[in-house]
Amino acid sequence: MKKVGNHSSISRIYLLSLAFLLVFSLPVFAQDAAAPKDAAAMPAATGGGDAAKGKELFNANCAACHNLDKKMTGPALRGVAEKYDKAWIYKWVNNSSALIKSGDAKAVKVFEENNKVVMTAFPQLTTADIDNILAYTSEPAPKAEVAPAGAVAGAGAEKSEGVSNDVILGVLVLVMGVLITMLYLVYNMLSRIALSKGLELTATDRSIQSVCQAFVKNQFLVLVSVIMLMLISAYFVYGYLMQIGVDQDYEPVQPIHYSHRIHAGSNGIDCKYCHSAARVSKNAGIPSLNVCMNCHKNIAEVADTTATPEHSKAFYDGEIQKLYDAVGWDRTLQKYTGKTQPVKWVRIHNLPDFAYFNHSQHVTVAGVECQKCHGPVQTYEVMKQFAPLTMGWCVNCHRETNVKVEGNGYYEKIHKELSKKYGVDKLTAAQMGGLECGKCHY
Ligand code: HEC
Ligand code: HEC
Ligand code: HEC
Ligand code: HEC
Ligand code: HEC
Ligand code: HEC
């Protein structure tokens, strides 16, 4: 009798611990997703929304000639709002040469102090825009701590590859700890139950051995554990088999740490500025370094506020220097040395040779956003593969996505005929023939 009583509570504890173990082991496998690699959230270093907008405007329009804290082509702009009244700054930014011509004393003085270099006129910037920029330039300079923090972050950058291993290790230690505590608790509980039933505990009774013996004798428990074990291993074996040849989340280290977050995100550069071929050809293409130099002839350093806890300003500036080394640009002489060395970007997305994929068909004809297939690229510090790129992924989207026929002369006639054939208003890519093997396979 007493055995039955004991066993039902053993089973309960056993099942509970199993559930517990599963819950705790999941983070080990989920850690890739959980690791906050993207750092999507920009540090809210700015006081309010305006300064953030101002930073964007500043980087887009002014950064080519101005730095906040250092003289470049133009003077350093931090705190410039205190130097002049706002009305003057509006006029200056909208058209500085007009202001100089009008004989404004302050304007002429600045102009002459800066070797009479003419500043671009920005008639398109509204007073609100300029207020935003001024909010940004009025932010206090980062404290002296930046230098040591930079050094630390620099070291951290090298270490960041190790982080995921540390996470795994930590979780494993935690799981071990939980297991040991659980064993101890089970053991205690069993002893207490035994005691409450008025059993004299002999030395062997108290040992783990007796728990094992009880376990082996209880056929139900053995059955449940075997089934559990089989389910768990099937789950992992299936998971392992399905990811063979699928490189989702592949995130190689690139020769230059080029951040899409900083370029396409913070600075709002259009994807097609660099990947211009996506519109017209099969491949989207990686931009040539000349495209980079359109901007980087003038941008040799990132702003202080661009530095993150992960990557210091010194780190980012070093990466821009790598670009200079590659194109052979001498920063101090401001000219090309002629010594170049190509950058070997590591290719991330790669369909097998027997599959055919065309960017222009999707980007231009179908009007599919890059992000639909490549994920929130504008938040990626390091580029990675977002979609699985399996056949199922292509085909599912063709089943779900309607073809954009409005204003697309190519489709007018065929659309009418096919709609009649299928008896629908809207055609999916699949109905247009997007499921035919020959369309995607050579
Ligand atoms: C083509 C380079 C260039 C660009 C782009 C540029 N500036 Fe200038 N800026 C200058 C130069 C050079 C001066 C110094 C005056 C002169 O020589 O005309 C200057 C001076 C100024 C001054 C006066 C600074 C002082 O301390 O007296 C302000 C304010 C200013 N710029 C704001 C801006 C803003 C805001 C933008 C972006 C919207 C901008 N500038 C974009 C070149 C540029
Ligand atoms: C300033 C230029 C620039 C802009 C703007 C830009 N990219 Fe890139 N992109 C690059 C460079 C350089 C690489 C290669 C280095 C890397 O993979 O990080 C790249 C790589 C990629 C890759 C991976 C290519 C591979 O190897 O498989 C994808 C996908 C991509 N970009 C998509 C985008 C999307 C989407 C946007 C817009 C949100 C965008 N890019 C904006 C320069 C740019
Ligand atoms: C349209 C202008 C523009 C183009 C084109 C451009 N950049 Fe940049 N890049 C910037 C700006 C602006 C910053 C600095 C932003 C800041 O200070 O916050 C920057 C920062 C950087 C940095 C330091 C931050 C980081 O991403 O690691 C590197 C490295 C860099 N660029 C490399 C490149 C390369 C390589 C290319 C060509 C594939 C390129 N850039 C093309 C505007 C551009
Ligand atoms: C319908 C899904 C889809 C859309 C939309 C899409 N891509 Fe791609 N992209 C892919 C696939 C699939 C590959 C792999 C192609 C291969 O290996 O042949 C790829 C590869 C790339 C590559 C690297 C290889 C190459 O083709 O040069 C870049 C860069 C890229 N895409 C950028 C972009 C940009 C920028 C946009 C938006 C203008 C975009 N993609 C829109 C699916 C897409
Ligand atoms: C985000 C949705 C989406 C994904 C993912 C996608 N496609 Fe498409 N695809 C479309 C749409 C929409 C069209 C119809 C374009 C049009 O108007 O012709 C299309 C058309 C095509 C066509 C031309 C079909 C025809 O009838 O001529 C081919 C080939 C194709 N896709 C291949 C692929 C391959 C290969 C992949 C996977 C690597 C893929 N697509 C992934 C949306 C998608
Ligand atoms: C919308 C595009 C598309 C269509 C339509 C399509 N495939 Fe595929 N297929 C692919 C892509 C992309 C891959 C590569 C998947 C990968 O690398 O995991 C693939 C892979 C395969 C493979 C290799 C399987 C593997 O896992 O490597 C076979 C076999 C195949 N397709 C057969 C077919 C047949 C048969 C049809 C017609 C019924 C068909 N495909 C229609 C895009 C397509």
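Reader: What makes H18 the element that gives the most to the shell around ligand 6?

Author: H18 supplies 4 residues there, in a predicted model where local features need pLDDT of at least 70, side-chain atom pairs count only at pLDDT 80 or more, and totals for chains, interfaces and linings use all residues. Residues are numbered from 1 along each chain as its sequence is written, while chains are lettered from A and ligands numbered from 1 in the order in which they are written.

Reader: How do you know which residues surround ligand 6?

Author: A residue is near a molecule if its C-beta atom, placed from the backbone, lies within 6 Å of it. For ligand 6 there are 16 such residues, the closest being Ala355, Met391, Cys394, Cys437 and Cys440. Helix H18 (391–400) and helix H21 (437–440) are the elements giving two or more of them.

Reader: Why are H18 and H21 called helices?

Author: Because helices are DSSP runs of H or I with at least four residues, numbered from the N terminus (strands are runs of E, at least two). The protein has 21 helices and 2 strands.

Reader: What surrounds ligand 4?

Author: Happily, that one is easy too: 21 residues surround ligand 4, with His275, Asn283, Ala284, Cys370 and Cys373 the closest. H17 gives the most to this shell, with 4 residues.

Reader: And how many residues of the whole protein are called buried, as a percentage?

Author: A residue is buried if 20 or more other C-beta atoms lie within 10 Å of its own, exposed if 12 or fewer, and partly exposed in between, with C-beta atoms placed from the backbone. Buried residues make up 14% of the 442 residues.
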